[in-house]
Amino acid sequence: MEMLKTKDAAELLSVSQTTIKRWAAMFPDYFPKDRFGHYIFSEQEISLLKSIKERINHGEVLEYMNLGSAAGIQPPVSQQENPLRHTQDWPMGDMLSRIDYIERSLDHKADEVVSVQLLQQRAELEDLRQMIKQLAVSLETIQKPGAPSLSPHDELHPVAAKKLKTPPRKRGLLRNIFSFL
């Protein structure tokens, strides 16, 4: 029994791979995926795909097709509903619902953490904006030509203020050429 990939089945039926995937997705009981999430088609499944193509060519709508009645084929046994399954798998269903609840609560907690972090970053950005405004005001007062000779900064740092007020020394010719000296 030869197993075909989606590409091979599409070439065999002369349709696109997307069409094959759409048909298989419409009937997941008849076209199961492998462990990697890919469709692999047996000869029986290829015949089902051929019948789907023929029925579509005859004007039948894919959404209203019933493969079991037309082809006389039942879904694989692993996919059929087992009446004993509900009584045996109730602990599994309970466990899955608990896992689902835990995942939702983790998502909610992660959203809360991200929200708090965003608020903290916004507050830090606002603090930085205020500091930049204060620095801009300080620079404006320093750069004004008619500014008072003694500013609060001068009172705190008289040596630095003196260096700022003295004109820079002229550089020698070699220093201008070799700026790294």
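In the next few minutes I will go through the overall make-up of this protein chain, then one annotated region, and then one patch on the surface.

Please keep in mind throughout that what we are looking at is a predicted model. Starting with the fold, the protein chain holds nine helices and two strands, and if we follow the elements from the N terminus on, the order is β-α-α-β-α-α-α-α-α-α-α.

As for how the chain packs, 17% of its 181 residues are buried, while, among the contacts with a separation of 6 or more, 50% are between residues that stand 24 or more positions apart. The accessible surface of the protein chain amounts to about 15300 Å², and carbon and sulfur atoms account for 59% of that area.

Let me turn to the annotation, which comes from an unreviewed UniProt entry and places a feature called "DNA-binding region" at residues 6-26. In the model, that span is 86% helix and 0% strand, and the C-alpha atoms at its two ends lie 15 Å apart.

Finally, the surface patch: Met-92, Met-95, Leu-96 and Ile-99 together make a nonpolar patch of about 380 Å². One of these residues, Ile-99, sits in helix α6, which covers residues 90-143.

How does Ile-99 count in terms of exposure? Its relative accessibility is 40%, and because partly exposed covers the range between under 20% for buried and over 50% for exposed, Ile-99 is classed as partly exposed.

Definitions and conventions:
Residues are numbered from 1 along each chain as its sequence is written. This is a predicted model: local features need pLDDT of at least 70, side-chain atom pairs count only at pLDDT 80 or more; totals for chains, interfaces and linings use all residues. Side-chain values use heavy atoms; hydrogens and water are left out. UniProt positions are given in the numbering used here, feature names are shortened, and annotations may be inferred rather than shown by experiment. Helices (H or I, at least four residues) and strands (E, at least two) are DSSP runs, numbered from the N terminus. Patches are made of residues with over 30% relative accessible area and no salt bridge: like charges are joined within 9 Å, nonpolar side chains (Val, Leu, Ile, Met, Phe, Trp, Tyr) within 5 Å. Accessible areas come from the Shrake-Rupley method with a 1.4 Å probe; for residues, only the protein chains shown count as cover. A salt bridge is a side-chain nitrogen of Lys or Arg within 4 Å of a carboxyl oxygen of Asp or Glu. Buried means under 20% relative accessible area, exposed over 50%, partly exposed in between (1.4 Å probe, protein chains only). Contact means heavy atoms within 4.5 Å.
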